[in-house]
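Work through the following exercises with the model open beside you, and try each task before you read its solution.

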Amino acid sequence: MKVGVCLKQVPATDTRIRINGDATAILTDDVKFEINPYDEFALEEGLRLKQAGKATEVITFTLAGADADPRIRDGLARGADRAVRIDDPGLAGSDALGVARALAAALKAEGVGLVLCGRQAVDGDSGVVPAMVAELLGAAQVSWVDKLTIEGGSFTAQRAAGGGVREVVQGALPAVITCDKGLNEPRYATLPGIMKAKAKPIAVKKLGDLGLGGGDVGAGAVVVTHNNMGQPPARPAGRMIGGDAASAVSELVRLLRDEAKVI
Ligand SMILES: Cc1cc2nc3c(=O)[nH]c(=O)nc-3n(C[C@H](O)[C@H](O)[C@H](O)COP(=O)(O)OP(=O)(O)OC[C@H]3O[C@@H](n4cnc5c(N)ncnc54)[C@H](O)[C@@H]3O)c2cc1C
């Protein structure tokens, strides 16, 4: 079984985000990028399935320009066998559905049996692309999974359902699973891995290669538009509580109860 891992590059979590003039997108100049942290769990799970003899190949899929290649190489250095990058001028301005259509077409073309994604991309944060990919592939889908078992043609996925309740979902492959923190501990690339990754292929696919056209993806096909992005309000300054320890603690408790209303 081939495992496909959807790997998105996102601004590093310590990057200062700036919004463009018409409030429709973030500015990407001077931004440091990294692999979406949740996608690292997805990649690690794919690599572990291959090590356990349950996957024949781990292929990463990324929809992005060539500027994403260092992140893709990082995935290859950690152990992915090869990568597919979907890149076409016709993709510019795609919404989540357009992104999902392109990813689903590429995953289908490779005959992937299990798709592992992050639970959300920490930039767009919509968490909808994997569900759309599953629908387009006609595959089962479970989100926010923190324990996964594959046996033959079936899967068992576990997720936290809130209030300490665990949900166990069983189904048949093919499936799209979104990966949450706790699923595993992602590995780092080793020096031999980095050297090997230089020779691993990144196949660049155009829309035509995937049987897609302008009516499927890109600005002309959006069903959702972003038109009012903005920075969160500035945080108020911290407050120092003076006095001796006993009175400071009782004042802190009062503030937490009466003002912050958290206790
Ligand atoms: C120039 C530009 C214009 C845009 N215009 C619009 C617009 O008009 N309307 C709109 O709704 N959005 C727009 N977007 C946002 C873009 O479409 C979102 O990035 C997309 O919808 C994915 O949503 P998300 O990032 O929240 O992913 P999520 O759904 O949160 O991602 C979940 C998981 O899906 C996978 N995944 C998601 N994206 C990718 C990817 N690119 N490659 C590989 N795996 C991926 C990853 O595994 C990820 O962890 C625009 C973006 C750009 C750069």
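**Exercise 1.** What percentage of the 263 residues in the protein chain is buried?

*Solution.* This is a predicted model, in which local features need pLDDT of at least 70, side-chain atom pairs count only at pLDDT 80 or more, and totals for chains, interfaces and linings use all residues. Residues are numbered from 1 along each chain as its sequence is written. A residue is buried if 20 or more other C-beta atoms, placed from the backbone, lie within 10 Å of its own. By that criterion, buried residues make up 37% of the protein chain.

**Exercise 2.** Compare the expected span of α1 with the distance between its end C-alpha atoms.

*Solution.* Helices are DSSP runs of H or I with at least four residues, numbered from the N terminus. The expected span is 1.5 Å times one less than the number of residues, so the 15 residues of α1 should span 21 Å, and the 22 Å between its end C-alpha atoms agrees with this. Just after α1, G53 takes a positive phi of about 80°.

**Exercise 3.** Decide how far α1 is enclosed by the rest of the structure.

*Solution.* Because 11 of its 15 residues are buried, α1 is largely enclosed; among the buried residues are Y38, F41, L43 and L47.

**Exercise 4.** Describe the shell around the ligand.

*Solution.* A residue counts as near the ligand if its C-beta atom, placed from the backbone, lies within 6 Å of it. The ligand is surrounded by 34 residues, of which D95, A96, G118, G124 and S126 are the closest. Elements giving two or more residues to this shell include α1 (37–51) and α3 (96–109).

How values were computed: A residue is buried if 20 or more other C-beta atoms lie within 10 Å of its own, exposed if 12 or fewer, and partly exposed in between; C-beta atoms are placed from the backbone.
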